[in-house]
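Okay, thanks for squeezing me in. Have a look at the sequence and the model while I talk, and stop me if anything is unclear.

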Amino acid sequence: MKPLAILVLCLFISSCGDDENIDLSCMQSDWVGTYTGTRICDGGMEQDVTLTFSAIGSRLSLFYLVGINVTTHGEIDFNGCEIDDNITSQNVNYSIKATLNGSELTMEDRFVVGNALGPLCKITATKN
């Protein structure tokens, strides 16, 4: 009887806890759209940001607006509700990591020009 009680107790303990409810089965259509929010880069001030994802074949493109600065990225790979991609555009390497949770987007990006590492920027945005 003791082994059965221990087994039941182990199953009970392992089934409890706070599970993240992030849906990892996002499709391209879930990403496509415009998101507005804020961006903070390595100790800098908070800035308004607009991100627009569009479909390109089975991939995504990104139009990224902060103030009057515009960056576009094409051919971004996604895996369900995650983006972890490196992109080269106009001799600049960009690292983008993003998670989509319903209409909430969190993203980190950084650029590298030559050997110069740019600031790490963190974005939180909501789909319009």
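Let me start with a quick one: which residue stands opposite K127 in β9? That's Y35. Keep Y35 in mind, since I'll come back to that residue. One caveat up front: this is a predicted model, and every value I quote is computed from it.

So, the overview. The protein has 2 helices and 9 strands. Going along the sequence, you get α-α-β-β-β-β-β-β-β-β-β. There are 128 residues, and 28% of them are buried. The accessible surface is about 8300 Å², with 55% of that area on carbon and sulfur atoms. If you take contacts with a separation of 6 or more, 35% of them are between residues 24 or more positions apart.

Now the strands around Y35. β1 pairs with β2 in the antiparallel sense, over 7 bridges. One register point to hang on to: G37 has V49 in β2 as its bridge partner. The hairpin of β1 and β2 has 5 residues between the strands, and in that hairpin G43 has a positive phi near 75 degrees. β1 also runs antiparallel to β9, joined by 7 bridges. That's where the opening question sits, with Y35 opposite K127.

Back to Y35, then, and its ring. How many aromatic pairs does the count come to? It comes to 2. One of them is Y35 with F53, an edge-to-face pair at 5.8 Å centre to centre, with 90 degrees between the planes. Y35 is in strand β1 and F53 in strand β2, 18 residues apart, so this pair links distant parts of the chain. Both Y35 and F53 are buried. Add W31 and you have a cluster, with ring pairs linking W31, Y35 and F53.

W31 takes us to the core. As a general point, nonpolar side chains in soluble globular proteins tend to be buried together. Here, the largest nonpolar core has 23 residues, and W31 and L51 touch the most other members. Which strands each supply at least two residues of this core? Those are β2 (47-56), β3 (59-66), β5, β6 (92-101), β7 (104-113) and β9. β6 gives the most, with 5 residues. If you want to see what L51 is doing, leave out its neighbours within four places in sequence and look at the contacts: G33, T34, Y35, L62, F63, Y64, L105, M107 and I123. Yes, Y35 is in that list too.

On to the sulfurs. The count is 2 disulfides. C26 and C81 form one of them, with the sulfur atoms 1.9 Å apart. The link of C26 and C81 is right-handed, with 90 degrees about the S-S bond. What does that pair tie together? C26 is in the loop between α1 (2-15) and α2 (28-31), while C81 is in the loop between β4 (69-76) and β5 (82-89), so the disulfide connects parts that are 55 residues apart in sequence. Both of these cysteines, C26 and C81, are buried.

C41 and C121 form a disulfide as well, again with sulfur atoms 1.9 Å apart. The link of C41 and C121 is right-handed, with 105 degrees about the S-S bond. C41 sits in strand β1 (residues 33-41) and C121 in strand β9 (residues 121-127), so this pair ties together parts that are 80 residues apart in sequence. Remember that β1 and β9 are also joined by those 7 bridges. C41 counts as buried because its relative accessible area of 12% falls under the 20% cut-off. C121 is buried too, at 5% relative accessibility. Number the bonded cysteines in sequence order and the pairing reads 1-3, 2-4.

Last item, for anyone who likes checking backbone angles. Most residues other than glycine have a negative phi. Where is E75 placed? E75 is in strand β4, and its phi is near 60 degrees, a positive value in a residue other than glycine. Is E75 buried or exposed? In between: E75 is partly exposed, with a relative accessible area of 40%.

That's what I have. Happy to pull up any of those residues on the screen.

Key: Residues are numbered from 1 along each chain as its sequence is written. This is a predicted model: local features need pLDDT of at least 70, side-chain atom pairs count only at pLDDT 80 or more; totals for chains, interfaces and linings use all residues. Side-chain values use heavy atoms; hydrogens and water are left out. Helices (H or I, at least four residues) and strands (E, at least two) are DSSP runs, numbered from the N terminus. Buried means under 20% relative accessible area, exposed over 50%, partly exposed in between (1.4 Å probe, protein chains only). Contact means heavy atoms within 4.5 Å. Accessible areas come from the Shrake-Rupley method with a 1.4 Å probe; for residues, only the protein chains shown count as cover. A disulfide is a pair of cysteine sulfur atoms within 2.5 Å. A nonpolar core is a set of buried Ala, Val, Leu, Ile, Met, Phe, Trp, Tyr and Cys residues joined through side-chain atoms within 4.5 Å. Two strands pair if DSSP finds at least two bridges between them. Rings of Phe, Tyr and Trp (its six-membered ring) pair if their centres lie within 6.5 Å; planes under 30 degrees apart count as stacked, over 60 as edge-to-face and the rest as tilted.
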